[in-house]
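Please look over the sequence and the model shown below before reading on. The paragraphs that follow move from open spaces to enclosed ones, then to the packed interior, and finally to a few single residues.

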Amino acid sequence: MATEEVKLIGFRGGPFSLIVEWALKIKGIEYEYIDEDLNNKSTMLLQYNPVHKKVPVLVHNGKPLAESLVILEYIEETWKQNPLLPEDPYDKAVARFWAKFADDKCKIAIFTVFSTVGEEQQKAAKEARQILKTFETGLKGKFFGGETIGFVDIAAGWLAYWIRMIEEITGINLVEKDSTPLLSDWFQNFLNVEVVKERLPPRDELLEKTKIFHEQLVAAAST
């Protein structure tokens, strides 16, 4: 069998590069990680993702793919070992639905809370809590994939790490034990998975960077 070349262009402080890393690790795929400077984007990134010019980008045998969910689907289809999606067609479709829900609804709702202030932020927080409560209904047990992590857990796992930091920075609680107990437990269960823990960026360092980013967003919004 010919040797496969797998490269991941990502950003160590970014949640969406982690989605791809977690999937590759679970599949047991060896890859070269290339850390991108988003303030000075490389020729390689612009070549492989000329449309959005963003990370992550997966390059498999010279062929690039962008967008974390698209890459996640590709990884699942290309490497069959340790499947992330269930076999049943209906269950598979449901998993894709919740992964898309997290990528569309949850991501936008949380970023809106993070990037606003005052009355607008309070309104955004109320909407985000409702969206997260809806997302919680997709849980099947310990994980969205049942008793082991699967496609939805990988696609949405960044929420478990970043929401707690956003809560600390903004002073707004989004996921609480009394209102969303299953989601709160899932946060802890997911972050305790070994393959997840070993790829997480150091929290203190990431928290400081996220605080600076938050200040920049708030300052820009107030001008």
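How much space lies in the largest pocket? The model in front of you is a predicted one, and in it the largest pocket holds about 1,200 Å³ of space. Its lining is made of 33 residues, and those that lie nearest its centre are Gly 14, Pro 15, Phe 16, Leu 38 and Phe 213. If you trace the helices around this pocket, you will find that α1, α3, α4, α7 (158-170) and α10 (203-221) are the elements that give two or more residues to its lining. By character, the lining residues divide into 17 nonpolar, 8 polar and 8 charged. Residues of both domain 1 (6-78) and domain 2 (89-222) take part in this lining, and the largest pocket therefore lies between the two domains.

The second largest pocket offers about 220 Å³ of space. It is lined by 17 residues, and Leu 84, Pro 86, Phe 144, Gly 145 and Gly 150 are the closest to its centre. Two elements, α4 and α6 (151-156), give two or more residues to the lining of this second pocket, and α4 gives the most, with 4 residues. The lining of the second largest pocket divides into 10 nonpolar, 4 polar and 3 charged residues.

From the pockets we can turn to enclosed space. The structure holds 1 cavity of 30 Å³ or more, and the volume of the largest cavity is about 50 Å³. Around this cavity stand Phe 16, Ile 19, Ser 68, Leu 69, Ala 99, Ala 102, Asp 103, Ala 155 and Trp 158. Among the elements, α1 (15-27), α3 (68-78) and α4 (89-115) are those that give two or more residues to the lining, with α4 giving the most, at 3 residues. The lining of the largest cavity consists of 7 nonpolar residues, 1 polar residue and 1 charged residue, and at least three residues are drawn from each of domain 1 (6-78) and domain 2 (89-222).

The next step is to ask how the interior is packed. In soluble globular proteins, nonpolar side chains tend to be buried together. In this model the largest nonpolar core has 67 residues, of which Leu 72, Cys 106, Phe 135, Ile 154, Leu 183 and Trp 186 touch the most other members. Helix α4 gives the most to this core, with 10 residues. Because domain 1 (6-78) and domain 2 (89-222) both give residues to this core, it lies between them. To follow one of its members more closely, consider Cys 106, which touches Phe 101, Ile 131, Leu 132, Phe 135 and Leu 159 when residues up to four places away in sequence are not counted. There is also a second, separate core of 6 residues, which includes Ile 9, Ile 34, Leu 45 and Val 55.

Val 55, one of the residues of that second core, leads us to a detail of the backbone. Which form does the peptide bond from Val 55 to Pro 56 take, cis or trans? This bond is cis, with omega near 5°, and Pro 56 itself is found in the loop between α2 (43-48) and β3 (57-60). Such details deserve a second look because most residues other than glycine have a negative phi, and most peptide bonds are trans.

Two asparagines show the other kind of departure. Asn 61 is not a glycine, and yet its phi is positive, at about 50°; this residue lies in the loop between β3 and β4 (63-66). With a relative accessible area of 43%, Asn 61 is partly exposed. Asn 82 also has a positive phi, near 50°, although it is a residue other than glycine, and its place is the loop between α3 and α4. Asn 82 is likewise partly exposed, with a relative accessible area of 44%.

Asn 82 also appears among the contacts of Lys 27, a residue of helix α1. Is Lys 27 buried or exposed? Its relative accessible area is 2%, and because buried means under 20%, Lys 27 counts as buried. Leaving aside residues up to four places away in sequence, Lys 27 touches Ile 75, Glu 76, Trp 79, Lys 80, Gln 81, Asn 82, Pro 83 and Leu 84. The last of these, Leu 84, takes us back to the second largest pocket, where Leu 84 is among the residues closest to the centre.

Key
Residues numbered from 1 in each chain as written. Predicted model: local features only at pLDDT ≥ 70, side-chain atom pairs only at ≥ 80, totals over all residues. Heavy atoms only, no water. 1 Å grid on protein atoms, 1.4 Å probe; cavity = no way out; pocket = protein on both sides within 12 Å on 5 of 7 lines; lining within 4 Å. Points joined across faces, edges and corners; volume = space filled by probe spheres on them. Nonpolar A, V, L, I, M, F, W, Y, C, P; charged D, E, K, R; others polar. Domains from an automatic or database assignment. Core = buried A, V, L, I, M, F, W, Y, C linked by side-chain atoms within 4.5 Å. Buried < 20%, exposed > 50% of the residue type's maximum accessible area, 1.4 Å probe, protein only. Contact = heavy atoms within 4.5 Å.
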